[in-house]
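This report describes one helix and a set of charged contacts. Please look over the sequence and the structure before reading on.

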Amino acid sequence: MYHAHSAPGDATFRRGIPGVRACTGAALALALVGLTAGCSASSDTASFTPAPHATRVAPAVEADPLPPLSKFITQPDGSQVTTVSADYLFDSNSSELRGEAMTALQQVLPAIREHPGPISVIGYSDGLGRTEDNQKLSLERAKSVEAWLATQNIPSSVLDVEGRGEQGAQDGVADASRRRVEIVLR
């Protein structure tokens, strides 16, 4: 018999309610018998119909739309910056502007033309590859944007070009947010 004041380790506590152990064991045995009877009862395979083979349609993948480049974000120091993913501007490991890049850069051109002060074009890369190669690639990409701006009658005297390589990126990590070109209106 169970007593309310019994504690683990007491003889009355270990005994529990009489018959519960026997019922639990019997219920478990009946469940196992029913389970095995259900599995072996259907020896007639003629009524078994396998599930049809699944077919999978490949998903249609499209490139992310170009971010709105016509907007510059004002920084705490008063400068304005717009960031363009290098993946939109250049092919992998290339500093040659793609056709889509020129269309995208056209969107920021009015703000650049109206700006009376200096303009910085800063290239970045991710942490993949050698540090020296990333530094060179980021500078070449910034120079490509500078060269395009020069073709749009933006005087080179107001343009400052800088390659920051993998600054801020983790080594060996392909981080698309690090591969970018920033245009800063100072």
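The text below treats helix α5 and then the salt bridges.

The structure is a predicted model.

**Helix α5**

Helix α5 covers residues 131-151, a run of 21 residues. At 1.5 Å a residue, the expected span is 30 Å, and the C-alpha atoms at the two ends lie 31 Å apart, so the span agrees with the expected value.

Which residues of α5 are buried? The buried residues are N134, L137, S138, R141, A142, S144, V145, W148 and L149. Around the helix axis they cover an arc of only 145°, which means that they sit on the same side of α5. Several elements are among those that cover these buried residues, including the helices α3 (86-89) and α4 (99-114). The strands β3 (119-123), β4 (159-163) and β5 (180-185) also belong to this cover.

The face of α5 turned away from the buried side carries the exposed residues E132, K136 and T151. After the helix comes N153, which has a positive phi, near 65°.

**Salt bridges**

How many salt bridges does a search of the whole structure find? The search finds six. The table gives three pairs, among them two with a residue from the exposed face of α5.

| Salt bridge | Closest N and O atoms |
|---|---|
| R98 and E100 | 3.4 Å |
| E132 and R130 | 3.9 Å |
| E140 and K136 | 4.0 Å |

In the pair of R98 and E100, R98 is partly exposed, with a relative accessible area of 27%. E100 is partly exposed as well, at 42%.

In the pair of E132 and R130, E132 is exposed, with a relative accessible area of 51%. R130 also counts as exposed, at 52% relative accessibility.

Where do E140 and K136 stand relative to each other in α5? They are four residues apart in the helix, so about one helical turn separates them. E140 is partly exposed, with a relative accessible area of 31%, whereas K136 counts as exposed at 53% relative accessibility. Elsewhere, R130, E132 and D133 are joined into one network by salt bridges that share partners.

Taken together, E132 and K136 lie on the face of α5 turned away from its buried side. E132 forms its salt bridge with R130, and K136 forms one with E140.

Definitions and conventions: Residues are numbered from 1 along each chain as its sequence is written. This is a predicted model: local features need pLDDT of at least 70, side-chain atom pairs count only at pLDDT 80 or more; totals for chains, interfaces and linings use all residues. Side-chain values use heavy atoms; hydrogens and water are left out. The expected span of a helix is 1.5 Å times one less than its number of residues. Buried means under 20% relative accessible area, exposed over 50%, partly exposed in between (1.4 Å probe, protein chains only). The arc is that of the directions from the helix axis to the C-beta atoms. Contact means heavy atoms within 4.5 Å. A salt bridge is a side-chain nitrogen of Lys or Arg within 4 Å of a carboxyl oxygen of Asp or Glu.
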